[in-house]
Amino acid sequence: MSGKKRVTGVVVWLCITLVLLVCGLLIGAPAVKHESIREAMKDAVLHGSNRISLLGIMDVNPALISAFTITGVILLISAGIRIFVIPKFRYVPGKFQLLLEQAVGFFDNLAKSNSPHRNRFLGAYVFAAGVYIFIGTLFELFGLQGVTTEGASIALPAPLSDINAAISMGCLSYLAILSGGIVGNGFRGIGNTLKDFSLPISMSFRLFGALLSGLLVTELVYHYTYLSILLPVAVGIMFTLLHALIQTYVLTMLTALFYGEVSEPHEKAKIKRKKNQALT
């Protein structure tokens with residue numbers, strides 16, 4: 001019986017997909033676009049034309065407006081949770097309290113498992129960075145609109161799809177790792193951290209490339225009439241959710257891992273290295 005229901009469900013979804021494709025083929029001429037697909041994808045990378053006025057002071061990338069918006073929202077939500085929610089925590093947690101405890105516990109365990117010696121600051125940093133990356137990536141799903149200096153309406157992108165924001169996040173994580181090396185091993189920790197000089201570059205471009213790829217695919221799908229029914233929604237949600245989860249985990253994991261290596265006491269690190277050499 002369950003097999004028949006499964007086959008019926010597949011048939012229904014195939015019929016719906018077929019109907020949507022037929023509707024897409026029967027649609028008339030596409031709407032007039034103010035830019036070509038090449039210009040749209042180029043601007044998604046460089047943000048050269050679609051710029052937004054920042055309070056009349058200067059023209060900025062739309063991603064900067066997204067970054068300010070997300071930062072303000074996170075700060076307001078955090079203040080509201082701290083003032084109104086946390087004082088009412090109970091011994092038997094409710095759903096929202098359980099969700100908060102699971103999120104904090106995940107990043108706290110990530111910090112403790114990778115840096116058992118110094119992890120209080122690390123836990124706070126990876127939690128803040130993870131929340132910003134996750135919420136910032138999901139931000140583009142809301143489709144908030146902005147008006148460019150040329151009068152066109154555009155959807156505000158994820159802030160980390162801008163190379164400047166990705167580089168800032170990578171460098172900030174590298175500075176957090178450097179601080180762990182200084183506190184843990186002094187000048188020796190600085191030397192160990194500076195050996196991995198390519199780390200902020202790899203972190204930055206990993207974030208930028210992953211988020212930009214989803215943005216470019218969605219732009220490409222939206223641009224063509226035959227693909228512009230239903231498919232952009234599925235593609236956009238799929239890429240956005242995957243990138244939000246994967247990039248949050250990858251950057252926080254790398255930060256915690258390198259932080260633990262450079263902050264580990266030198267003598268213990270030497271003993272561990274000798275044990276590894278003996279095993280090999």
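**Exercise 1. Find where aspartate 108 and lysine 112 lie, and how they are paired.**

Step 1. Look along helix 4: aspartate 108 and lysine 112 are both in this helix, four residues apart, about one turn of the helix. Helices here are DSSP runs of H or I with at least four residues, strands are runs of E with at least two, and both are numbered from the N terminus.

Step 2. Check the pairing. Aspartate 108 forms a salt bridge with lysine 112, and their closest N and O atoms are 3.2 Å apart. The term asks for a side-chain nitrogen of Lys or Arg within 4 Å of a carboxyl oxygen of Asp or Glu. By this rule the count comes to one salt bridge.

Step 3. Add the accessibility (buried is under 20% relative accessible area, exposed is over 50%, partly exposed is in between, with a 1.4 Å probe and protein chains only). Aspartate 108 has 28% relative accessibility, so it counts as partly exposed. Lysine 112, with 44%, is partly exposed.

A note on the model: it is predicted, so local features need pLDDT of at least 70 and side-chain atom pairs count only at pLDDT 80 or more, while totals for chains, interfaces and linings use all residues. Residues are numbered from 1 along each chain as its sequence is written, and side-chain values use heavy atoms, with hydrogens and water left out.

**Exercise 2. Decide whether asparagine 119 is buried or exposed, and list what it touches.**

Step 1. Locate asparagine 119 in the loop between helix 4 (95-114) and helix 5 (120-138).

Step 2. Its relative accessible area is 15%, so asparagine 119 is buried.

Step 3. Not counting residues up to four places away in sequence, asparagine 119 touches Ala111 and Lys112; contact means heavy atoms within 4.5 Å.

Step 4. A polar atom of the asparagine 119 side chain lies 3.1 Å from the backbone oxygen of serine 115.

**Exercise 3. Do the same for threonine 148: where is it, and which residues is it in contact with?**

Step 1. Threonine 148 sits in the loop between strand 3 (145-147) and strand 4 (153-155).

Step 2. With 6% relative accessibility, threonine 148 counts as buried.

Step 3. Leaving aside neighbours within four places in sequence, threonine 148 is in contact with Asn50, Arg51, Ile52 and Ile154.

**Exercise 4. Step back and describe the chain as a whole.**

Step 1. Count the elements: the chain has 10 helices and four strands.

Step 2. Of its 280 residues, 35% are buried.

Step 3. Among contacts between residues at least 6 apart in sequence, 70% join residues at least 24 apart.

Note on methods:
Polar contact = N/O pair within 3.5 Å; in protein donor to acceptor, adjacent residues only side chain to side chain.
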